Every structure is written in structure tokens, then in C-alpha cells.
Amino acid sequence: MSALLTAAAPAVEAERREGARSVLALARFEARRTLTSVPVVLAFVAYIAWIVWRGRGSWDGYPALQDADRATQGMPMLVGLAVLVSTNLGALRSLRHGTEDHFGVLVVQPWRRTAAHALSVVPVALLTAVCVTGQFAWEALKAGAVGHGSPAELAVGPLTVLLFGALGVLAARLLPSPLAAPLLVVVLLFVFMLGTGPSGEGGLSWLAPAVTAISSHTLPSELLGRPAAWHALYLAGAGLCAAFLAVLLAGGRTLVVRAGTALTLALAVTGGVLQADGVSPSPELTAARERASLRPEQTCVEHGRTTYCAFPEWVPRTETWAGVVDRVRSLAGGSAHDRPLVVRQRIEARYGLDGDAAIPALAEPGQVTVGTAWGGNRVPEFSSAVAAVLVAGTEQAAGEVCDGRMVTVMWLSLSWMDDPMDALRRVRLDDSVRGSAIVLAPTDPLTMTEGQTDVVRRLLEKPPAGVGERVRTHWAELTSPGVTTARVAQLLGVAGPAKADSCDE
């Protein structure tokens, strides 16, 4: 009896090795079929085209990498849906072609074939990881990049593709019909991609593959409070559990399959529960957000006569801010040319990524606010804030300026730029260059009347050197409270407003 068992052991081991080789060979074949299928090819073409199109102008060339990592999570869902359809059709190929009975004479059992279909998703997920890495690297290599990305956030895209591919195989075993995958795609589209599912930053929203939480402002990395690591564990567990379940339903009753199903289910549940608990900010995070909003711990550096205080991740950007401040200073006259300034980076972090509260103006003399975003419209907005403080003294006082000093502020802010008229358009709320308008700034907005807009437009059409000489010569009167728009126009050598300005009455 023992001799028979001894002889049988090598045979069982040989069958196990042969079965493993067969599974890997079939997985390689199915992976090639999946990668070359029409839906997957089209999805990757669209994905790569989107990366190129978006990468050229994203964040105006000044990305914060703690936002850039989340931006890699949306498009892989499109790839995942295509993979779901392809893996489902691949797993049902023998049924659709009427060749299922022929597989009965092969050594590879149905559950091993199912395992091969599940493994075929791995190369597609790896290709998605390459795309995610390329997209993030593009942002990280930009000269204006700051901050830190999260590996857990970057893993979401590939894990989403892995999950959707496994769901395609599982659907083939639960409902062996070609209609199952398209119906599942429609359900996933409505629930996760068209906004009908859980939204926001609540616990239920984290059951979705990607929770990008697009915000109007950027927070320092340590203040995000996103349970990204638990979410990655949840996606990995859910994807692997779907694969093991498909193998189990196909007849794989081995100890490895049953243990794998139980273990991956536990991983998915653990990740899902812990990510839901991690959505609510801890007392430590709440305190850190309050400190960053009210009493920030920042690094201060000096460039010329200006001190720049910023959160550690943004310190490299102080040189860029200094370039704007120096250009505005060079146009000012009187004591403003050398007046000490403090540029403070300020955020409102108490409400997390969902918050959109305004930042109040500073009342201390010579202090200017700068935000966490930069590039594009943020440049003329900051430039206007600097000019307003040089003219009015404080941000709070600048928000109340209504007289002709506003002409001086806007000329200082815009005249040094490559396209001053375009900058004037972009810094105004209604994107206009005529009529009255609100001028955007990092804190309280400024206001321009119709007459002031006309005078500023005429000044920006003239060579800045000549106007600059007049600004320095008449600086005291140009920045005197109560000076009229007509008087400012006269001092600067352009025609005044066609009618009396409402602020001069």
C-alpha cells in the first residue's frame, strides 16, 4: 500500500506542475487576445490621447503632486470597462462558438481555464500602471511642480482595471450570456461614472473605484486626510476575491482556491471598513488643519526687500513669486519702490477638500496673500494684490478703494506682462475689458468702474516706459486717497473717462 502511495505522489506532483504550465500558457494567450481586442485598443488610444491633451496645459504648468496623483484615477475606469467586456467575451468564447464539449477531453479543467482568464488581466493592469506612471511623471518633471504624490493614490488606476477584468470573468461564470457584460457596463457607468452613485467624501462614496475629490484649492499633503492606503487594499482585495470566486464557481475546490477566496474577501472587507472609518478627520488632523488655517507653521525666506512665508512644499515656488513682486515694485514710485513686504501663503483647510471658503484680507500693513495654486489667472490676481498693497497700504484697505487709485493699481499690476490686455480680461470676473467689473484677488476682490476701465485700457495701449516715468513722478498724488479718475488720467497723459465716475461723486 505504501509503495502505491509513493508511486502516486510523483504523478500528482507532475500533474500539478503540468496544470500550472497549462494555466500560464493559456493566460499568455488570453492576455494577447485581450490587449489586441478592439474595445481595449480603443480605450488605450483614448487614454493616451487624453494624457497628452491634458498634460500640455494641466494646472497651467504648476501642478501640486498631491492633486496630480488623484488625477490619474478617472480614465483607467474607461480602460477597465473595456477589459471587463473583453475578458467576459473571452471566458464565454467556447460557449459562443459551441466548442465547450471539446474542452472535456483536455487535461486543463474548467476551473484552471477560468484561472487563466483571470490571470490574463494582469498584463493589462501593468500596462495601465505604465500609463499612470507616465502621466504622473510628466507632471512631476514640470519646472513648477511642488508637493508629494501618494503611491496608494497612483495604484488606484491599475487596481481598478484588475477589478473590472476579474468582474468580467466572474460574470461569465455567474451568468454565461453575452449580454451579461454589456448590462454590467451600463450599471457601472450609471453608478460610478455618471454621478448617480454615492458622491462627495462620505464613507459610501469610497466603495467606488475612484474617489478623486476634485477641489477648488490645494492643501498640503499632510492635511488631505484621505484613506488612500485602505482604499488600495479594498480594491486589491475586491479584485482578487472576484477572481477567486470565479475559479471557485468553475469547480476549483482546492484548498488554495478556498483559502484565497476567504483571505481576499477579508482583505476587501477590512479595507472597506477602515477606509470608511478614515473618511472622518481625526482630532489630530482637525487640529493640524486649524493651525494651518489660523496659525500656520511656515518656512520664511527673503528675496530682496520682501519676505516670503510658505508651507514647506511650496518654498521652491517663492522665487517665482519674487519675480512678480520685483516687476511690480520696479514700476512703483516713492517709498513703495523699497518698502518691505511680507508675502504669506494662506489657506482655508478647516473644511477639507470639500471646503470653498474665502480667505479674509489681511489688515497688517505691507502683507500680501498668495494661495497654493499658481499659473494662468493666478498670476495677474497675485500681481493685483501686490500692487494694491503698495498703493493702499493693506489688503483690507485695498478692498475699499473706489477712487482713481484703482487706475494706478491695475497699471502696476498688468503693464509689465507680455499681453496686458489679455491679463486685464483674465483678472476680471466677467472676462471683459469694458465697463465696470470685479477684479479677482487672493482675498477680497477689487472693483473697477467703467471710467477706470477706460483709462486703464488706454494706459495699457501706450508704451510702459513713458507711463512709468509719469507714475514715478506723480506717485504721491496718484496714490492719494480721494484722487479722481479724471485727475489720474490727466497726470498719466491719457484721455479721462467720458462721464463723471461714480466713485468720484
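**Exercise 1. In which loop does Trp 59 lie?** Describe the backbone and exposure of Trp 59 and of Asp 60 in this predicted model.

*Solution.* Step 1: locate the residues. Trp 59 belongs to the loop between α2 (38-55) and α3 (65-68), and Asp 60 is placed in the loop between α2 and α3 as well.

Step 2: consider the backbone. Most residues other than glycine have a negative phi. Trp 59, however, has a positive phi, near 55°. For Asp 60, phi is likewise positive and near 55°.

Step 3: consider the exposure. Partly exposed residues lie between the limits of 20% and 50% relative accessible area. Trp 59 has a relative accessibility of 25% and therefore counts as partly exposed. Asp 60, with a relative accessible area of 44%, is also partly exposed.

**Exercise 2. Determine how helices α9 and α11 are arranged, and characterise their contact.**

*Solution.* Step 1: state the geometry. Two packed helices are described by the angle between their axes and the distance between the axes. For α9 (residues 156-174) and α11 (residues 228-249), the angle is about 20° and the axes are 8 Å apart.

Step 2: classify the angle. Angles under 35 degrees count as roughly parallel; α9 and α11 are therefore roughly parallel to each other.

Step 3: give the handedness. The crossing of α9 past α11 is left-handed.

Step 4: identify the contact. From α9, the participants include Val 156, Leu 159, Leu 163 and Arg 173; from α11, they include His 231, Leu 235, Gly 239 and Leu 249. By class, the contact of α9 with α11 comprises 17 nonpolar, 3 polar and 1 charged residues.

**Exercise 3. Describe the surroundings of Gly 237.**

*Solution.* Step 1: Gly 237 is part of helix α11. Step 2: its relative accessible area is 0%, so Gly 237 is buried. Step 3: with neighbours within four places in sequence set aside, Gly 237 is in contact with Thr 264, Leu 267 and Ala 268. Step 4: Leu 163 is 74 residues away from Gly 237 in sequence, while their C-alpha atoms are 8.9 Å apart in space.

**Exercise 4. Which residues of helix α18 are buried, and what covers them?**

*Solution.* Step 1: in α18 (residues 420-427), the buried residues are Pro 420, Ala 423, Leu 424 and Val 427. Step 2: these residues span an arc of only 105° around the axis, so they are on the same side of α18. Step 3: the elements covering the buried residues of α18 include the helices α15 (378-392), α17 (405-414) and α19 (450-460), together with the strands β5 (437-439) and β6 (446-448).

Definitions and conventions:
Residues are numbered from 1 along each chain as its sequence is written. This is a predicted model: local features need pLDDT of at least 70, side-chain atom pairs count only at pLDDT 80 or more; totals for chains, interfaces and linings use all residues. Side-chain values use heavy atoms; hydrogens and water are left out. Axes are lines fitted to C-alpha atoms, for helices over the stretch in contact, and angles run from 0 to 180 degrees between N-to-C directions. Helices (H or I, at least four residues) and strands (E, at least two) are DSSP runs, numbered from the N terminus. Angles under 35 degrees count as roughly parallel, over 145 as roughly antiparallel, 65 to 115 as roughly perpendicular and the rest as oblique. A crossing is left-handed if the near helix is turned anticlockwise from the far one by less than a right angle, and right-handed if clockwise. Contact means heavy atoms within 4.5 Å. Ala, Val, Leu, Ile, Met, Phe, Trp, Tyr, Cys and Pro count as nonpolar, Asp, Glu, Lys and Arg as charged, and the others, Gly among them, as polar. Buried means under 20% relative accessible area, exposed over 50%, partly exposed in between (1.4 Å probe, protein chains only). The arc is that of the directions from the helix axis to the C-beta atoms.
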